[in-house]
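Me: I would like to go through this model step by step, with each answer reasoned out before the value or name is given. Please keep to what can be worked out from the structure itself.

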Amino acid sequence: MYKKQLTLQKILCFLALVSSVVIFLYALGIMTDLYDTLYSTMRNPADLTQTDVAGSIVYYNMQGWNAYFLHWSIALILLACLLFITNTHIRRRYYIGNYISIGAFAAANIYLAVDAHRYIQLFKYRFMQVDFAALMEHANLWKTYYTESTFWFDVHYPIFALSILVSLGLVFCAIWKVQLMKEEKQLIAAGKGAKA
């Protein structure tokens, strides 16, 4: 059983790192379409009320949150690296550092998924309030990019679903490891008792 558990924990540690990098790339990319579509509509960035398209202020409203999201995604990568620093991916027996790294990664990952979902839904709603007829007119006049797509808002569902599954998998793997360690102690104790 240890062999299966060791294989699973190694896979989950690598998936934790991969999912954290994907979240980082998502944090970098979420503003791409908004920048290409809405940035040029603001005639005076010093006065955000001066716009060619009603609702385009959502691009500026997202800036602060996006910086926060980017910092959290970097923290997730560091926490995923902590799994490797504490040898969680190869250790047969867990120690306190392994439990701390798993708990910290899982808690941060789940917190970010829930918090980001809330804000992404809010900004998606605000994006849908943009005057798309005026935006199309502006794009045709100035030859800028035009889209009504909510792809960057919607893609967070599979990204965060994967990250939450990885977090839950790590917690399950830790519980399984504790059970295996208890069984091993019982077998050792039974073996010593039989020799006496």
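Me: Is D52 buried, exposed or partly exposed?

Reply: The model is a predicted one, and the side chain of D52 meets that of R43 in a salt bridge. The relative accessible area of D52 is 33%, and the class in between is bounded by under 20% for buried and over 50% for exposed. D52 is therefore partly exposed.

Me: What is the N to O distance in the salt bridge of R43 and D52, and how does R43 count in terms of accessibility?

Reply: Side chains of opposite charge can pair when their charged atoms come close. In this pair the side chains of R43 and D52 meet at 2.6 Å, N to O. At 54% relative accessibility R43 lies over the 50% cut-off, so R43 counts as exposed.

Me: Which residue meets R118 in a salt bridge, and is that partner buried or exposed?

Reply: The partner of R118 is D115, with 2.8 Å from N to O, and both residues lie in helix α4, three residues apart, about one turn of the helix. R118 is exposed, with a relative accessible area of 52%. D115, by contrast, has 7% relative accessibility, which is under the 20% cut-off, so the partner, D115, counts as buried.

Me: How many residues apart in sequence are the parts that K124 and D154 tie together?

Reply: The side chains of K124 and D154 meet in a salt bridge at 2.7 Å, N to O. K124 lies in helix α4 and D154 in helix α6, residues 151–154, so the pair ties together parts of the chain that are separated in sequence by 30 residues.

Me: Which residues are linked in a network of salt bridges, and to how many salt bridges does the count come?

Reply: Besides the pairs discussed above, there is a network of salt bridges that links R92, R93 and E184. The count of salt bridges in the model comes to five.

Me: Are α1 and α4 roughly parallel or roughly antiparallel?

Reply: Two packed helices are described by the angle between their axes and the distance between the axes. The axes of α1, which spans residues 2–29, and α4 come within 13 Å and cross at roughly 30°. That angle is under 35 degrees, so α1 is roughly parallel to α4. The crossing of this pair is left-handed, and the relation asked for is roughly parallel.

Me: How are α3 and α4 oriented to each other, parallel or antiparallel?

Reply: The axes of α3 and α4 are 10 Å apart, and the two helices pack at an angle of about 165°. The crossing of α3 and α4 is left-handed. Since angles over 145 degrees fall in the antiparallel class, α3 and α4 are roughly antiparallel.

Me: Where does N87 lie, and what is its phi?

Reply: N87 is placed in the loop between α3 and α4, and at 27% relative accessibility N87 counts as partly exposed. N87 is a residue other than glycine, yet its phi is positive, with a value near 60°.

Me: Which loop holds K143, and what is the phi of K143?

Reply: K143 is found in the loop between α5 (132–142) and α6, where K143 is exposed, with a relative accessible area of 72%. Although K143 is not a glycine, its phi is positive, at about 55°.

Me: Which helix gives the most to the nonpolar surface patch?

Reply: The patch covers about 360 Å² and is made by I96, Y99, I100 and V178. I96 lies in helix α4 and is exposed, with a relative accessible area of 64%. Three residues of the patch come from the helix that spans residues 96–127, and this helix, which gives the most, is α4.

Me: How far apart are the C-alpha atoms of L76 and T49?

Reply: L76 is found in helix α3, residues 58–85, and is buried, with a relative accessible area of 1%. L76 and T49 are 27 residues apart along the chain, and their C-alpha atoms are separated by 36 Å.

Notes: Residues are numbered from 1 along each chain as its sequence is written. This is a predicted model: local features need pLDDT of at least 70, side-chain atom pairs count only at pLDDT 80 or more; totals for chains, interfaces and linings use all residues. Side-chain values use heavy atoms; hydrogens and water are left out. Patches are made of residues with over 30% relative accessible area and no salt bridge: like charges are joined within 9 Å, nonpolar side chains (Val, Leu, Ile, Met, Phe, Trp, Tyr) within 5 Å. Accessible areas come from the Shrake-Rupley method with a 1.4 Å probe; for residues, only the protein chains shown count as cover. A salt bridge is a side-chain nitrogen of Lys or Arg within 4 Å of a carboxyl oxygen of Asp or Glu. Helices (H or I, at least four residues) and strands (E, at least two) are DSSP runs, numbered from the N terminus. Buried means under 20% relative accessible area, exposed over 50%, partly exposed in between (1.4 Å probe, protein chains only). Axes are lines fitted to C-alpha atoms, for helices over the stretch in contact, and angles run from 0 to 180 degrees between N-to-C directions. Angles under 35 degrees count as roughly parallel, over 145 as roughly antiparallel, 65 to 115 as roughly perpendicular and the rest as oblique. A crossing is left-handed if the near helix is turned anticlockwise from the far one by less than a right angle, and right-handed if clockwise.
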